[in-house]
Amino acid sequence: MLRLLVLTCLVASCFGARLPRRPRLDGRIVGGSNANIENLPYQLSFEYGGSHMCGASIISENWVVTAAHCVDGVSASSARFRAGSSIRGSGGSLHQVTQLIANPQYDYYTIDYDVAVARVATPFSYGSGVQPISLISVEPSAGQTATVSGWGTLSSGGSLPSQLQVVSLPIVSHQQCNNAYASYGGITENMICAAEEQGGKDSCQGDSGGPLTVSGQLAGIVSWGVGCAQRGYPGVYSNVASLRKFITDETGVN
């Protein structure tokens, strides 16, 4: 048995065999409904070069949480966040980014440790449409209801909506999600999943980096998955409970 294992490892090494690269989500909400920013006041639009690129969440007057893959190769001087608006690319307040910090363990290939924080030059002014969200400390259980929001496409490869979208989904067990993505190497402890069993509801392209909340706390960050709302393939989110130490160490936010 041991010899077979070693032989397998040698063959993989010699021929460069690797599992398929995990598919990215450009970010979209599928099967959701129009939302008002006053009901999701922590939601931000992460704009790069003046256009919506990803989602993000306010965690304090000066700090934002998003996905590491959203800041990969991004210059802080060309990045900004739009707060307090339900409409993509319009209204609210704009906040220039002064610092982007991705988790140093982020892996582009596996999308593990997919979390980043950003500091803004002008503090967020709290009001009915602008509020911070607290970080969850305990990973949510399978079956708990989660909420995902963003301005991602409404279907795989579709166009971006102008109005903020929101959808509710149940958390999927780690084992079930791991089995679903076995051909991609499964998921790690830094990932959680959510999906309707029959499909039809999910986050998608354009929602990346945005919030997945449970009981009013930030529990996940839109990260990756196969397609959007495809049956048998839950959406995968960065596990905030597991990655919380990085966020706190960099921002001081508990």
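Reader: How many residues apart are K245 and D249 in helix α4?

Author: Happy to start there, with the reminder that this is a predicted model. Helix α4 covers residues 240-251, and K245 and D249 both belong to it. About one helical turn separates K245 from D249, because their spacing in α4 is four residues.

Reader: Then what is the N to O distance in the salt bridge of K245 and D249?

Author: In general, side chains of opposite charge can pair when their charged atoms come close. Here K245 and D249 are both exposed. Their side chains meet in a salt bridge, with an N to O distance of 2.7 Å.

Reader: Nice. Which residues do shared salt-bridge partners join into one network?

Author: Let's build it up pair by pair. The side chains of R80 and E47 form a salt bridge at 2.7 Å, N to O, and E47 also has a salt bridge with R82, where the closest N and O atoms are 2.8 Å apart. Since E47 lies in strand β3 and R82 in strand β6, that pair ties together parts 35 residues apart in sequence. The network formed through shared partners consists of E47, R80 and R82.

Reader: How many salt bridges does a search of the whole structure find?

Author: You have already met R80 with E47, E47 with R82, and K245 with D249. A search of the whole structure gives a total of three.

Reader: Is E47 buried or exposed?

Author: The cut-off for buried is under 20% relative accessible area. E47 has a relative accessible area of 1%. Of its partners, R82 counts as buried at 9%, while R80 is partly exposed at 25%. By that cut-off, E47 is buried.

Reader: Which residue in β6 is the bridge partner of S45?

Author: Strands β3 and β6 pair in the antiparallel sense, over five bridges. Strand β3 spans residues 43-48 and strand β6 spans residues 79-83. Within that pairing, the β6 partner of S45 is R82.

Reader: In what order do the strands of the closed barrel run?

Author: The barrel has six strands with antiparallel pairing. From one strand to the next, the twist averages 45°. The order is β3-β4-β5-β8-β7-β6.

Reader: Which residue is the bridge partner of W63 in β8?

Author: Strand β5, residues 63-66, runs antiparallel to β8 and is joined to it by four bridges. Strand β7, residues 93-102, pairs with β8 too, antiparallel over five bridges; there I101 has V117 as its partner in β8. For W63, the partner in β8 is R119.

Reader: Why is β8 described as largely enclosed by the rest of the structure?

Author: Strand β8 covers residues 116-120, which makes five residues in the strand. The description follows because the number of these that are buried is four.

Reader: What angle does the direction of α4 make with that of β8?

Author: Helix α4 packs on the sheet, where it touches β5, β7 and β8. Its buried residues are V240, L243, R244, F246, I247, T248 and T251. Their cover includes β5, β7, β8, β9, β15 and β16. The direction of α4 makes an angle with that of β8 of about 25°.

Reader: How far apart are the end C-alpha atoms of α4?

Author: This helix has twelve residues, and a straight helix would reach 16 Å at 1.5 Å a residue. The model falls short of that span, with the end C-alpha atoms of α4 only 14 Å apart.

Reader: Which residue caps the N-terminal end of α4?

Author: At the other end, α4 is followed by G252, whose phi is positive, near 80°. At the N-terminal end, a side-chain oxygen of the capping residue lies 3.2 Å from the backbone nitrogen of A241. That capping residue is N239.

Reader: One last thing: where does I111, with its positive phi, lie?

Author: I111 has a phi of about 60° although it is not a glycine, and it is buried at 2% relative accessible area. S215 also has a positive phi, about 55°, without being a glycine, but S215 is exposed at 67% and sits in the loop between β14 and β15. As for I111, its place is the loop between β7 and β8.

Technical notes
Residues numbered from 1 in each chain as written. Predicted model: local features only at pLDDT ≥ 70, side-chain atom pairs only at ≥ 80, totals over all residues. Heavy atoms only, no water. Buried < 20%, exposed > 50% of the residue type's maximum accessible area, 1.4 Å probe, protein only. Helix = DSSP H or I, 4+ residues; strand = E, 2+ residues; numbered from the N terminus. Pairing = 2+ DSSP bridges. Salt bridge = Lys/Arg side-chain N within 4 Å of Asp/Glu carboxyl O. Axes fitted to C-alpha atoms, helices over the stretch in contact; angles between N-to-C directions. Contact = heavy atoms within 4.5 Å. Expected span 1.5 Å × (residues − 1). Polar contact = N/O pair within 3.5 Å; in protein donor to acceptor, adjacent residues only side chain to side chain.
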